[in-house]
Amino acid sequence: MFTYVVALFGAACWGIAPIFGKLGLRNVHPADGLAARSLVTLLFMAGWVLLGGRARQVCAISCRDWFFLGAEAFLATLAGDLAYYAALKWGAAGQAAVVLAASPLVTVGLSRWILHEEMHAHQVLGALLVVAGLVLLALPHRA
């Protein structure tokens with residue numbers, strides 16, 4: 001149950017964030033906005049590590065785990081977020097957020113293939129519904 005509560009909180013944060021991002025990007029290039037946002041995140045995380053006494057734990061992370069965390073950081077926080085910021089800057093916030101919300105489809109497929117996680121029929125149905133929703137969103141609007 002705790003996992004779902006935390007995930008719902010994260011979903012709410014991710015649902016609210018594009019509104020602030022769209023407002024903040026009005027007069028800012030996406031790369032500059034991402035840099036500013038990343039600096040704010042860095043300050044929060046540095047405070048958490050230093051004030052929370054977590055420096056020893058962070059330094060104890062293995063090289064292998066640093067590699068995987070670094071790859072995730074590049075894909076999610078640099079490449080993925082830069083694409084997200086560009087879509088947010090030059091498109092509608094709702095469309096950008098919904099299309100990028102298709103990322104779990106990639107995760108589900110790769111987690112099945114690479115991590116050998118099970119995928120049940122209802123999960124396949126849910127993924128197909130997400131794809132159907134994206135197709136509906138991509139259709140041109142007719143007045």
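**Aromatic pairs and pockets**

Two aromatic pairs are present in the structure, which is a predicted model. One of them joins F67 and F68 in an edge-to-face arrangement, with ring centres 5.4 Å apart and an angle of 65 degrees between the planes. F67 has a relative accessibility of 55% and is therefore classed as exposed, the cut-off for that class being over 50%. F68, at 43% relative accessibility, counts as partly exposed.

The other pair is formed by Y84 and Y85 and is tilted, with 5.6 Å from centre to centre and 55 degrees between the planes. Y84 counts as buried because its relative accessibility is 11%, and buried residues are those under 20%. Y85 is likewise buried, with a relative accessible area of 7%.

Open space in the model was examined next. The largest pocket encloses about 2,300 Å³. Its lining comprises 45 residues, and those nearest the centre of the pocket are W14, E72, A76, T77 and D81. Two or more lining residues are supplied by each of α1 (2–24), α2 (30–51), α4 (63–90), α5 (93–100) and α6 (103–113). Of these elements, α4 makes the greatest contribution to the largest pocket, giving 15 residues to the lining. By class, the lining of the largest pocket consists of 33 nonpolar, nine polar and three charged residues.

The second largest pocket has a volume of about 280 Å³. Thirteen residues line this pocket, with F20, R37, V40, T41 and Y85 lying nearest its centre. Y85 thus appears in two settings: as a member of the tilted pair with Y84 and as one of the residues nearest the centre of the second largest pocket. The elements that provide two or more residues to the lining of the second largest pocket are α1, α2 and α4. Here α2 gives the most, with five residues. The lining of the second largest pocket divides into eight nonpolar, four polar and one charged residues.

Helices α1, α2 and α4 are named among the contributors of two or more residues to the largest pocket, and α1, α2 and α4 are also those listed for the second largest pocket. The leading contributor is α4 in the largest pocket and α2 in the second largest pocket.

Technical notes
Residues are numbered from 1 along each chain as its sequence is written. This is a predicted model: local features need pLDDT of at least 70, side-chain atom pairs count only at pLDDT 80 or more; totals for chains, interfaces and linings use all residues. Side-chain values use heavy atoms; hydrogens and water are left out. Rings of Phe, Tyr and Trp (its six-membered ring) pair if their centres lie within 6.5 Å; planes under 30 degrees apart count as stacked, over 60 as edge-to-face and the rest as tilted. Buried means under 20% relative accessible area, exposed over 50%, partly exposed in between (1.4 Å probe, protein chains only). On a 1 Å grid over the protein atoms alone, a cavity is a set of points where a 1.4 Å probe fits but cannot get out, and a pocket is an open set with protein on both sides within 12 Å along at least five of seven lines; lining residues have an atom within 4 Å of a point. Grid points are joined across faces, edges and corners, and a volume is the space filled by probe spheres set on the points. Helices (H or I, at least four residues) and strands (E, at least two) are DSSP runs, numbered from the N terminus. Ala, Val, Leu, Ile, Met, Phe, Trp, Tyr, Cys and Pro count as nonpolar, Asp, Glu, Lys and Arg as charged, and the others, Gly among them, as polar.
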